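These are comments on the model, set out as numbered points. They cover the surface patch, the salt bridges, the pocket and the cavity.

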Amino acid sequence: MADYRAAPLASRPSTLDPAEYVQLNAEQRRAQGERLAIRARLKLQYLRQLNQPDPAHLIEDPALSRWVYARTLNHIYPNFRPSPKTSLLGFTCGVLPLFFWYYIFKTDRDHKEKMIKEGMERPFSLSS
């Protein structure tokens with residue numbers, strides 16, 4: 001990593017900054033080694049469970065479970081807040097069109113039946 005050269009039109013990523021990774025003291029290197037060891041142990045355990053020929057149970061990834069829990073904890077309705085305005089809007093867009101179309105179809109059907117009962121000739125239609 002020390003011989004990394006930045007591209008002429010791109011800046012050097014902060015993770016490759018020599019001041020960031022070269023000047024680590026012993027305590028930081030020990031902590032970094034412990035984190036790598038823990039990560040390697042968890043990865044090995046997960047791969048063993050994943051490649052087991054006859055799995056006894058569902059493999060659960062604790063990191064994925066934590067991520068899903070954190071994502072759903074405070075973001076159930078991130079962009080919606082119930083209020084009288086939204087309730088009226090929901091009623092207007094959800095319920096009123098049903099009543100409108102019911103009225104249109106019912107009056108049209110009643111008009112056709114009335115015309116048939118009065119003896120008017122039924123217009124030719126393939127669908128009715």
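1. A definition is needed before the patch can be read. Patches here are made of residues with over 30% relative accessible area and no salt bridge, and nonpolar side chains are joined within 5 Å. The model is a predicted one, and the comments below should be read accordingly.

2. By that rule, F100, W101, Y103, I104 and F105 make a nonpolar surface patch of about 580 Å². One of these residues, I104, belongs to helix 5, which covers residues 96-117. The relative accessible area of I104 is 32%, so I104 counts as partly exposed. Because the patch rule asks for over 30%, I104 at 32% qualifies for the patch.

3. How many salt bridges does the structure hold? The count is three. As background, side chains of opposite charge can pair when their charged atoms come close. The cut-off applied is a side-chain nitrogen of Lys or Arg within 4 Å of a carboxyl oxygen of Asp or Glu.

4. Helix 5 also carries a salt bridge, formed by the side chains of D110 and K106, with an N to O distance of 3.6 Å. These two residues are four residues apart in helix 5, so about one helical turn separates D110 from K106. Both ends are partly exposed: D110 has a relative accessible area of 35%, and K106 has 40%.

5. Elsewhere, salt bridges that share partners join E27, R30 and E34 into one network. E27 pairs with R30, and the closest N and O atoms of this salt bridge are 2.7 Å apart. R30 also meets E34 in a salt bridge, at 2.4 Å from N to O.

6. The spacing in helix 2 goes with these contacts. E27 and R30 are three residues apart in helix 2, about one turn of the helix. R30 and E34, also in helix 2, are four residues apart, again about one turn. R30 is partly exposed at 43% relative accessibility, and E34 is partly exposed with a relative accessible area of 42%.

7. Which residues line the second largest pocket? The lining consists of L42, Q45, Y46, Q49, E60, D61, P62, A63 and R66. Two elements give two or more residues to this lining, namely helix 2 (26-50) and helix 3 (62-73). Helix 2 supplies the largest share, four residues. The space in the second largest pocket is about 190 Å³.

8. The composition of that lining is mixed. Sorted by class, the second largest pocket is lined by four nonpolar, two polar and three charged residues.

9. The cavity search gives one cavity of 30 Å³ or more. The largest cavity has a volume of about 40 Å³, and its lining is made up of Q49, Q52, P55, A56, H57 and I59. By class, three of the lining residues are nonpolar and three are polar, with no charged residues.

10. One residue links the last points. Q49 is among the residues that line the second largest pocket, and Q49 also lines the largest cavity. As for the classes, charged residues are absent from the lining of the largest cavity, whereas the lining of the second largest pocket has three.

Definitions and conventions: Residues are numbered from 1 along each chain as its sequence is written. This is a predicted model: local features need pLDDT of at least 70, side-chain atom pairs count only at pLDDT 80 or more; totals for chains, interfaces and linings use all residues. Side-chain values use heavy atoms; hydrogens and water are left out. On a 1 Å grid over the protein atoms alone, a cavity is a set of points where a 1.4 Å probe fits but cannot get out, and a pocket is an open set with protein on both sides within 12 Å along at least five of seven lines; lining residues have an atom within 4 Å of a point. Grid points are joined across faces, edges and corners, and a volume is the space filled by probe spheres set on the points. Ala, Val, Leu, Ile, Met, Phe, Trp, Tyr, Cys and Pro count as nonpolar, Asp, Glu, Lys and Arg as charged, and the others, Gly among them, as polar. Patches are made of residues with over 30% relative accessible area and no salt bridge: like charges are joined within 9 Å, nonpolar side chains (Val, Leu, Ile, Met, Phe, Trp, Tyr) within 5 Å. Accessible areas come from the Shrake-Rupley method with a 1.4 Å probe; for residues, only the protein chains shown count as cover. Buried means under 20% relative accessible area, exposed over 50%, partly exposed in between (1.4 Å probe, protein chains only).
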